[in-house]
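I opened this entry to look up how one helix sits against its surroundings and which rings pair with one another.

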Amino acid sequence: MSAESPTPVVTVYWRPGCPFCSRLFRGLDESTIDYESVDIWEHPEAAEFVRSVARGNETVPTVAVRRGEETISMVNPPAADVAQAIARLSVSA
C-alpha cells in the first residue's frame, strides 16, 4: 500500500492584506477546491519556498499542488489554473 496521497494537496502561500490572495481564496471556495493556507509572515520557511518559486520575490499568492514527489507551483494563478493542476496530477496516478 502506498503512502502517497490519492488526491493532490493544494497549499496557498499568502500574507494579510493581499487582495490577489483574497480573490484566489474566493475562487477556490466557489470551485469547492480544498486547500490549506500558510501565512508567509508567520512561517519563514514558507516565505523561503515562495522566493524559490517567484524568482527571489515574496509574490503571493503562490500555490503548490503536490501529489507524492510531484509538485506544480504557480505564482498568482486563477482558481481555474489550480483546478487544472489538480486534474493533471490526478491523471498521473
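I looked first at the outward side of helix H3 in this predicted model, and I noted that the face turned away from its buried side carries the exposed residues Gln-84, Arg-88 and Val-91. For the opposite side I listed Ala-79, Val-82, Ala-85 and Leu-89, which are buried in H3. They cover an arc of only 115 degrees around the axis, so they fall on the same side of H3. I recalled that an α-helix has 3.6 residues a turn, so residues three or four places apart point the same way. I then checked what covers the buried residues of H3, and found that the cover includes strand E1 (9–14), helix H1 (19–30), strand E3 (62–67) and strand E4 (70–75). H3 itself runs over residues 79–91 and reaches 19 Å from its first C-alpha to its last, close to the 18 Å expected.

Next I turned to the rings, where I counted 3 aromatic pairs. Trp-14 and Phe-25 have ring centres 6.0 Å apart and planes at 75 degrees, so I entered this pair as edge-to-face; Trp-14 lies in strand E1 and Phe-25 in helix H1, 11 residues apart. Phe-25 is buried, at 16% relative accessible area, whereas Trp-14 is partly exposed at 22%.

I also recorded Phe-25 and Tyr-35 as a stacked pair, 5.4 Å centre to centre with 15 degrees between the planes. Tyr-35 sits in the loop between H1 and strand E2 (36–39), so this pair ties together parts that are 10 residues apart in sequence. I noted Trp-14, Phe-25 and Tyr-35 as one aromatic cluster.

Last, I found the charged end of Arg-66 over the ring of Phe-49, 5.2 Å from its centre.

Terms used
Residues are numbered from 1 along each chain as its sequence is written. This is a predicted model: local features need pLDDT of at least 70, side-chain atom pairs count only at pLDDT 80 or more; totals for chains, interfaces and linings use all residues. Side-chain values use heavy atoms; hydrogens and water are left out. Helices (H or I, at least four residues) and strands (E, at least two) are DSSP runs, numbered from the N terminus. The expected span of a helix is 1.5 Å times one less than its number of residues. Buried means under 20% relative accessible area, exposed over 50%, partly exposed in between (1.4 Å probe, protein chains only). The arc is that of the directions from the helix axis to the C-beta atoms. Contact means heavy atoms within 4.5 Å. Rings of Phe, Tyr and Trp (its six-membered ring) pair if their centres lie within 6.5 Å; planes under 30 degrees apart count as stacked, over 60 as edge-to-face and the rest as tilted. A charge sits over a ring if NZ of Lys or CZ of Arg is within 6 Å of the ring centre and within 35 degrees of the ring normal.
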